[in-house]
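Work through the exercises below with the sequence and the structure at hand. Each task is followed by a solution in steps.

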2 protein chains.
Amino acid sequence: MRLNHTEVVSADEIEAIHEASLTILERIGMEFLCPEARSIMNEVGADIDEASGRVRFPRELVISSVAKAPSEFTLHSWNPDHDLQIGGRWLAYGTVGSAPHYIDRDGVRRTGDRNAFRDLLKLAQSLNTVHFIGGYPYSLGRQRNRDVLEMARIARGIDEHTLLHEPSVFSVVNSNSPLRLDTPMSQGMIEFARHNQPIVMTPFTLAGAMAPITLAGALAQQNAEALAGITFLQCVNAGTPVVYGGFTSNVDMQSGAPAFGTPEYVRTAMIGGQLARHYALPYRSSNVCAANALDAQAAYESVFSLWGCVMGGVNFMMHGAGWMEGGLHASLEKMVLDADLLQMVTQIMEPVIVDVDTLAIDTIESVGPGGHFFGTQHTQDRFRNAFYKPLISDWRNYETWQEAGSPQAPDRAKLLAARFLDAYEPPPMDPAIRAELDAFVARRVAEGGVPTDY
Amino acid sequence: MRLNHTEVVSADEIEAIHEASLTILERIGMEFLCPEARSIMNEVGADIDEASGRVRFPRELVISSVAKAPSEFTLHSWNPDHDLQIGGRWLAYGTVGSAPHYIDRDGVRRTGDRNAFRDLLKLAQSLNTVHFIGGYPYSLGRQRNRDVLEMARIARGIDEHTLLHEPSVFSVVNSNSPLRLDTPMSQGMIEFARHNQPIVMTPFTLAGAMAPITLAGALAQQNAEALAGITFLQCVNAGTPVVYGGFTSNVDMQSGAPAFGTPEYVRTAMIGGQLARHYALPYRSSNVCAANALDAQAAYESVFSLWGCVMGGVNFMMHGAGWMEGGLHASLEKMVLDADLLQMVTQIMEPVIVDVDTLAIDTIESVGPGGHFFGTQHTQDRFRNAFYKPLISDWRNYETWQEAGSPQAPDRAKLLAARFLDAYEPPPMDPAIRAELDAFVARRVAEGGVPTDY
């Protein structure tokens with residue numbers, strides 16, 4: 001992020017939201033459904049009401065705990081070339097996570113399954129601009145998370161001690177807004193924190209539904225829930241990496257339908273960044289839209305989302321590529337179109353070099369009034385890589401475009417998605433590691449995997 | 001504009017672009033094809049080469065002249081409720097200007113004509129977010145501009161003296177980049193400046209074609225041409241209102257086709273704003289795209305353009321509503337969709353109020369963990385106007401939307417455009433003024449209008 005952040009509210013107003021959040025946590029508190037989580041909070045001096053599950057947080061506990069979280073950390077990949085720096089002025093893009101439905105390569109919407117997910121993974125591997133996989137990111141329950149951590153350890157070829165010092169896999173935790181944290185999420189948080197793995201703590205605060213209708217109120221609640229989760233994580237293991245998650249949007253007050261990429265979303269995404277910086281924490285936001293089809297609405301809602309989250313200072317962009325329909329379907333064609341949008345955002349961050357060569361006074365002189373620059377040496381030296389080359393945009397003139405059948409953006413995106421999938425080759429992996437992973441999975445399947453009741 | 005501007009380059013780099021522009025004007029100069037314009041520049045001490053038409057500008061002349069232009073002015077409407085403040089932190093949106101083609105209400109592309117233009121005017125009058133008409137904005141020749149000024153005077157019901165003190169009609173001047181100003185434009189500039197009417201001075205600097213391929217070079221040339229035009233206008237009439245126009249984009253280096261809404265455009269739009277603020281001048285930029293169809297490309301190129309020009313600090317947004325195909329066609333359906341985008345930009349500027357009422361701690365307490373906010377008094381008091389209500393976005397769930405025939409954004413935009421046109425009523429005008437305008441037009445038509453050779 002090379003541009004200055006956009007600040008929607010003043011430092012005093014950020015302080016007021018911060019103070020309101022502390023008051024919410026101190027006076028109202030948050031419901032922790034998991035007894036072990038309540039017990040951990042009891043030990044550090046929180047006020048626990050075992051009957052209701054309510055945990056009330058002393059202000060000083062929140063402030064001192066949040067201060068223990070690192071402001072930046074490295075998320076290690078099994079391919080070290082793909083390690084990511086999370087926080088500061090770094091910006092990492094992920095794929096859509098946790099959509100129940102799916103638009104396949106033929107544009108048909110169906111219920112997500114293993115093959116659909118595999119296609120999403122293949123496409124993500126094919127797009128250079130995708131830095132991490134959103135996938136199904138929630139940390140539900142204890143054993144499931146232990147399995148994930150063990151697979152990450154095997155994939156990276158490291159020992160358990162190294163894993164404890166090197167964040168290698170992240171998990172998203174959504175509080176059940178308002179002010180509730182469920183048991184599977186809490187168990188996942190405990191497991192991740194004990195292994196020093198990052199949690200992206202993201203309240204699900206839709207203004208007007210699960211949060212106040214006023215943006216300030218929704219943000220105060222978002223901030224309270226995020227701080228509660230981060231405090232809890234630091235009490236489990238001081239210094240464990242976290243990401244401050246902002247997801248506040250609004251609902252359509254006529255229908256109750258969630259809305260994304262709205263003017264409300266743009267501002268809450270920016271203010272969310274201000275809050276994250278207030279605590280010197282990495283910031284998560286998202287590239288989201290509510291559109292059912294990959295039409296102009298999908299595009300403008302997505303770019304408005306990007307405007308809000310990028311200028312707000314997002315470090316960890318969930319749902320960066322492929323999110324549609326308020327998260328209800330993942331889309332291969334949207335993933336390709338989003339890759340184009342994300343590459344444009346990256347290009348916008350490229351510095352504009354201002355020096356004697358780029359100011360080009362001599363070239364302007366040699367061309368002179370009424371001339372053109374196509375043939376100059378200055379142009380010839382640079383034309384191959386001077387400008388961003390889009391994946392999707394069709395810049396042919398109207399007549400040529402019409403003769404080609406008047407293709408629209410989704411046609412091109414669908415074509416590219418199929419081309420990427422057909423050309424897919426899995427990244428090479430050490431056969432010994434591959435065998436160890438397969439053996440682990442086979443053993444866990446034989447053992448019956450993880451029984452779930454959720 | 002209530003947000004902080006985005007600054008792409010440093011103050012030193014702005015100074016470097018500024019100095020390069022002065023060097024270009026001093027050493028290379030600009031070709032003024034109009035003898036009267038050269039004569040005016042000769043009188044103020046510029047270095048004139050009559051054989052080539054080249055005008056070379058002493059640095060001090062440029063600096064002292066540009067300093068005479070007002071940093072803010074009022075553009076008076078014949079309806080005083082619609083007066084516009086141009087400059088400072090004001091943001092005015094205009095319609096698409098000067099497109100040769102047209103997408104009609106049925107979605108058919110045809111050559112623009114008087115009826116097409118009338119439809120655009122009607123739609124512009126129907127959209128509250130449209131502040132001014134782009135139309136065909138160029139000031140070509142002397143008599144044509146005199147006629148326009150006289151019509152503006154009659155429409156406003158003012159005398160000639162008042163017109164001289166009250167900007168009432170604007171004109172756009174494009175230099176013929178690189179470094180040339182043609183005769184009709186120059187005559188229009190002289191006429192407008194003598195009547196103290198604002199000129200939007202906009203070089204047509206497409207990097208790689210009519211300007212250097214490097215963004216810094218294209219901007220140095222843009223700045224040189226803009227400063228040359230503004231200097232000329234101030235030499236005609238010191239203090240005449242001007243707008244600093246930025247239009248620098250890039251071309252596709254494979255085909256030479258102009259591109260808009262690109263990462264290059266976003267950054268030049270932002271840096272253009274930095275340059276305009278360097279001279280304390282109002283800033284013009286545009287909502288542009290290169291798309292042939294109203295698809296996702298049209299939307300993302302437009303929102304990226306808006307991102308660049310709004311965060312760059314645009315005051316006077318040309319082509320705000322209705323621009324398509326790199327300016328080659330105006331579109332009624334795009335105009336409605338753009339109106340939605342512009343309203344969203346306006347809503348993004350709305351302050352987020354942070355106070356006891358909006359922080360809503362008591363409401364959060366009364367709802368409690370696991371509750372919802374729909375039924376609270378806090379929500380009931382605010383739900384009607386809490387959130388932006390879009391013109392276009394379709395937030396129905398997938399099944400309901402599919403049952404409705406899976407409409408896409410252009411379907412809705414087309415429907416609304418037709419509805420607005422059918423419901424159109426002309427704004428009421430004093431019958432005496434209407435009669436005077438009609439008589440003037442009839443007389444000028446009888447006199448033969450303005451013969452043109454361009």
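**Exercise 1.** Which residues of H5(A) are buried?

Solution. This is a predicted model, in which local features need pLDDT of at least 70, side-chain atom pairs count only at pLDDT 80 or more, and totals for chains, interfaces and linings use all residues. Residues are numbered from 1 along each chain as its sequence is written, while chains are lettered from A and ligands numbered from 1 in the order in which they are written.

Step 1. Find helix H5 of chain A, residues 143-156. Helices (H or I, at least four residues) and strands (E, at least two) are DSSP runs, numbered from the N terminus.

Step 2. Apply the criterion: a residue is buried if 20 or more other C-beta atoms, placed from the backbone, lie within 10 Å of its own. Asn145(A), Leu149(A), Ala152(A), Arg153(A), Ile154(A) and Ala155(A) are the buried residues of H5(A).

Step 3. Look for their neighbours. These buried residues pack against helix H6 (160-165), helix H7 (183-194) and helix H17 (431-446) of chain A. Contact here means C-beta atoms, placed from the backbone, within 7 Å.

Step 4. Look past the end of the helix. Gly157(A) follows H5(A) and has a positive phi, near 65 degrees.

**Exercise 2.** Describe strand S13 of chain A and its partners.

Solution.

Step 1. Sort the residues of S13(A) (242-245) by direction: Val242(A) and Tyr244(A) point one way, Val243(A) and Gly245(A) the other, and all are buried. In a regular strand the side chains alternate between the two faces of the sheet.

Step 2. Find the partners; two strands pair if DSSP finds at least two bridges between them. Strand S11 (residues 199-201) of chain A is parallel to S13(A), with 3 bridges, and Ile199(A) is opposite Val242(A).

Step 3. Strand S16 (residues 283-286) of chain A also runs parallel to S13(A), joined by 2 bridges. Arg284(A) in S16(A) is the bridge partner of Gly245(A).

**Exercise 3.** Relate chain B to chain A and describe their contact.

Solution.

Step 1. Superpose the copies by least squares on the C-alpha atoms of residues with pLDDT of at least 70 in both. A rotation of 180 degrees with 0.0 Å of shift along its axis places chain B on chain A, with RMSD 0.0 Å. The two copies are therefore related as by a two-fold rotation axis.

Step 2. In chain B, Ala296(B) has the C-alpha nearest the axis, 2.1 Å from it.

Step 3. Count the contacts: 101 residues of chain B touch 101 residues of chain A. Helix H10 (residues 296-311) of chain B gives the most to its side, with 10 residues.

Key:
Two residues are in contact if their C-beta atoms, placed from the backbone, lie within 7 Å. The expected span of a helix is 1.5 Å times one less than its number of residues. A residue is buried if 20 or more other C-beta atoms lie within 10 Å of its own, exposed if 12 or fewer, and partly exposed in between; C-beta atoms are placed from the backbone.
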